[in-house]
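Work through these exercises with the coordinates open. Each task is followed by a stepwise solution.

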2 protein chains.
Amino acid sequence: MAEPACTAALAPGATIGILGGGQLGRMLAMAAARLGLKTHVYSDESGPAFDVATEVRRGAYDDWDALADFGRSVQVVTYEFENVPLATANHLAEIRPVRPAPQALAVSQDRLTEKEFLSGLGVPVAPFASTSCPADIAKALQSFGAPSILKSRRFGYDGKGQVTLEPGADVAAAFDAIGKAPAILEKRLSFARELSVIAVRSIKGSLAFYDIPCNTHENGILRRSVVPSGLPPAVQTEAHKFAACIANALDYVGVLAVELFDLGPTSRQNERLVVNEIAPRVHNSGHWTIDACAISQFESHVRAIAGWPLGCTARHSDAEMQNLIGPEALDWQNLASVPRHCLHLYGKREARVGRKMGHVTRLDSLSEQPV
Amino acid sequence: MAEPACTAALAPGATIGILGGGQLGRMLAMAAARLGLKTHVYSDESGPAFDVATEVRRGAYDDWDALADFGRSVQVVTYEFENVPLATANHLAEIRPVRPAPQALAVSQDRLTEKEFLSGLGVPVAPFASTSCPADIAKALQSFGAPSILKSRRFGYDGKGQVTLEPGADVAAAFDAIGKAPAILEKRLSFARELSVIAVRSIKGSLAFYDIPCNTHENGILRRSVVPSGLPPAVQTEAHKFAACIANALDYVGVLAVELFDLGPTSRQNERLVVNEIAPRVHNSGHWTIDACAISQFESHVRAIAGWPLGCTARHSDAEMQNLIGPEALDWQNLASVPRHCLHLYGKREARVGRKMGHVTRLDSLSEQPV
């Protein structure tokens, strides 16, 4: 039987359940430990979070008995990746509070649902259309024009499940390339740069925001996040408003990442930003908060889901975070020698190509007072 | 058979063995995890470090087989408290490198050995004498005058095993109060304040220092550490010289804390500082480095014992660290709400009187460029 939703704060010594054993789970576990909270990680394979969690359990995401055991051993459940099966989250929600609520997963796991949700809120998104066959794609492409991007509705991250359609593209080949999956076609906007809002919302609905980083991607993977972004304060406020609107609509609890396109200063001020996608979790573009803020995005997430006061999201330093991808992490001895660089390695055994192995955050004195 | 001393750096994925399961071990384990290193904690009782270590083992410090198993499971051994039995450290040193070397324990476990070692190096210490009976104490007291402090040679920390002898004190009662143990009588200096040097020395002998905090004690327990201390640069350099001299003499590897009395600006510049005692480990007065430096004392210790580059010890913020002792930690909800305060709780179950339960570090903008 479902327990009544409880808004009381978890006392130090309580245990937070984390679905997923990757580096985000690892950094969540370390943030929880800072506050005297224990963690129990559940994942279908062992990973970086297993090294630092108080307790770990390997199990399938559809092993209902194992999940129930796990649920009963913790006081609240959260997740570190948005492809947690919805049935898994719903099963656990019968046993313990799941934060953010499974609804956030439902929205962000399906690009069509997500886009319809966002545009329904009046949040600006790129023109999009639902597609399930080459004819749909061709029709939408004609409407939006090339270049456009075909994105599978489900299981896309780090640029996977996406094909760009240039003028004269073979629509059938693109349909094959995404595995003939249900998809959306989305007009590719000509943007100046990418930004993200890292927001956190408490159980009681209060909101806080980190400074907005400017993000650079390479091969569909985040390469670099920089704060400050130099975004005018009024535009930052606009971005925060979008994130607040989304978080409130979902009655969201925890850290929410909202990825944005910045169309640049030449467009009209209130039409400058477009939301690309949301992630219902701590986010790679917020890793700099570990070293540049008194309270990191990971601690903010833990505080929110544990019913604690959110705390202060101000930063004390300028920061540039760079991901260490694949064999780049093998250069750890040199990376460890650079002054004012904070090196983070995730303890992954194999430095496979395209794999996020760690990150480095360079700290600099504040160049401007954070907004 | 002992392995040859190895100065090669441990690669990420290697395991650091930690003797002791308290909060210092906990923060060491978290620092190791940041660098992709695993930890194995060995302790005679479970404690705060058990929640975050990759592996844990409960065992007696004289269970030679268990210790040998533990030693073989790790690549290097360190310790988080200076009362690790010397025989334990020596036993492990036959199996794996122990850093800092057991010699550092031998010196710091015995106040007489420590004082003789320090004065032998020409490092200024308070006048002291070895005592083993009331007559010795009376004689030394007559020589130094009251007030003086009777300190048992072994197992003293947080003010335990100490009695102050005021004028007219009952020498026999004082001898009883320290359990009739071998002791030293030490002249109580009239000092302006207490300071500490947190130094780190690499396997190859390079040295780095954190800014010197000013420390306040209450009931023999550290209450507060503040940086900057306002100590003139020339005096800071003098303090660093003492720490360097001590670390070099011990061929020390890791973080070394040197507690100092500052006799105040009225005394002659080069006679202003007196060394009180040393601790061959990370130190409570260095906890502010977690939040105010790119690289904390814990990470510096891990880097040193793992043969990594030491990294930069500069701080980016002014800081004031305050210990949460006993029931003070029960106020965690309010403590978590104060802006720019970094809250750390150690996960201890019982908030016993006098027990260090956590700490809070307040960050402020740099008031001056660190020296």
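**Exercise 1. Through which surfaces do the copies meet: the same or different ones?**

Step 1. The model is predicted. Take the interface residues of chain B and look them up in chain A: 100% of them are also interface residues there.
Step 2. The copies therefore meet through the same surface.
Step 3. Add the contact count: 39 residues of chain B touch 39 residues of chain A.

**Exercise 2. Find the operation that lays chain B on chain A.**

Step 1. Superpose chain B on chain A; the RMSD is 0.0 Å.
Step 2. Read off the operation: a turn of 180°, with a shift of 0.0 Å along the axis.
Step 3. The two copies are thus related as by a two-fold rotation axis.
Step 4. Locate the residue of chain B that comes closest to this axis. B:Val52 does, with its C-alpha at 2.4 Å.

**Exercise 3. Quantify the buried area and say which residues of chain B lose the most.**

Step 1. The size of an interface is often given as the accessible area lost when the parts come together.
Step 2. For chain B and chain A this comes to about 3,300 Å². Carbon and sulfur atoms carry 58% of it.
Step 3. Rank the residues of chain B by area lost to chain A. B:Arg34, B:Asp51 and B:Trp332 head the ranking. Together they make up 18% of what that side buries.

**Exercise 4. Describe the polar and charged links across the interface, then the elements behind them.**

Step 1. Side chains of opposite charge can pair when their charged atoms come close.
Step 2. Across the interface of chain B and chain A there are four salt bridges.
Step 3. Inspect B:Arg34 and A:Asp291. They form a salt bridge, with the closest N and O atoms 2.9 Å apart. Against a cut-off of 4 Å, the pair qualifies.
Step 4. Count polar contacts between chain B and chain A: 15 residue pairs, both partners at pLDDT 80 or more.
Step 5. List the elements of chain B that give two or more residues to the side touching chain A: α1 (23-34), α9 (289-292), α11 (332-335) and β16 (341-345). β16(B) gives the most, five residues.
Step 6. Sort that side of chain B by class: 22 nonpolar, 10 polar and seven charged residues.

**Exercise 5. Which parts of chain A do two selected side-chain pairs link?**

Step 1. Over all chains there are 52 salt bridges. One of them joins A:Arg153 to A:Asp110, with the closest N and O atoms 2.7 Å apart.
Step 2. Place its ends. A:Arg153 is in the loop between β6 (148-152) and β7 (162-165) of chain A, and A:Asp110 in the loop between α4 (102-108) and α5 (111-120). They are 43 residues apart, so the pair links distant parts of the chain.
Step 3. Turn to rings: 12 aromatic pairs over all chains. For A:Tyr61 and A:Phe81 the centres are 5.8 Å apart and the planes at 55°, so the pair is tilted.
Step 4. A:Tyr61 sits in the loop between β3 (55-58) and α2 (64-72) of chain A, A:Phe81 in the loop between β4 (76-79) and α3 (86-93). The two are 20 residues apart.

**Exercise 6. Pick out the backbone exceptions.**

Step 1. Most residues other than glycine have a negative phi, and most peptide bonds are trans.
Step 2. Check omega. A cis peptide bond joins A:Ala146 and A:Pro147, at about -5°. The bond from B:Ala146 to B:Pro147 is cis too, with omega near -5°.
Step 3. Place B:Pro147: the loop between α6 (134-144) and β6 (148-152) of chain B.
Step 4. Check phi. A:Asp251 is not a glycine, yet its phi is positive, about 45°. A:Asp251 lies in the loop between α8 (233-249) and β13 (254-262) of chain A.

Methods:
Residues numbered from 1 in each chain as written. Chains lettered and ligands numbered in written order. Predicted model: local features only at pLDDT ≥ 70, side-chain atom pairs only at ≥ 80, totals over all residues. Heavy atoms only, no water. Contact = heavy atoms within 4.5 Å. Buried area = accessible area lost by both parts, 1.4 Å probe. Salt bridge = Lys/Arg side-chain N within 4 Å of Asp/Glu carboxyl O. Polar contact = N/O pair within 3.5 Å; in protein donor to acceptor, adjacent residues only side chain to side chain. Helix = DSSP H or I, 4+ residues; strand = E, 2+ residues; numbered from the N terminus. Nonpolar A, V, L, I, M, F, W, Y, C, P; charged D, E, K, R; others polar. Least-squares fit on C-alpha atoms with pLDDT ≥ 70 in both. Phe/Tyr/Trp six-rings, centres within 6.5 Å; stacked < 30°, edge-to-face > 60°.
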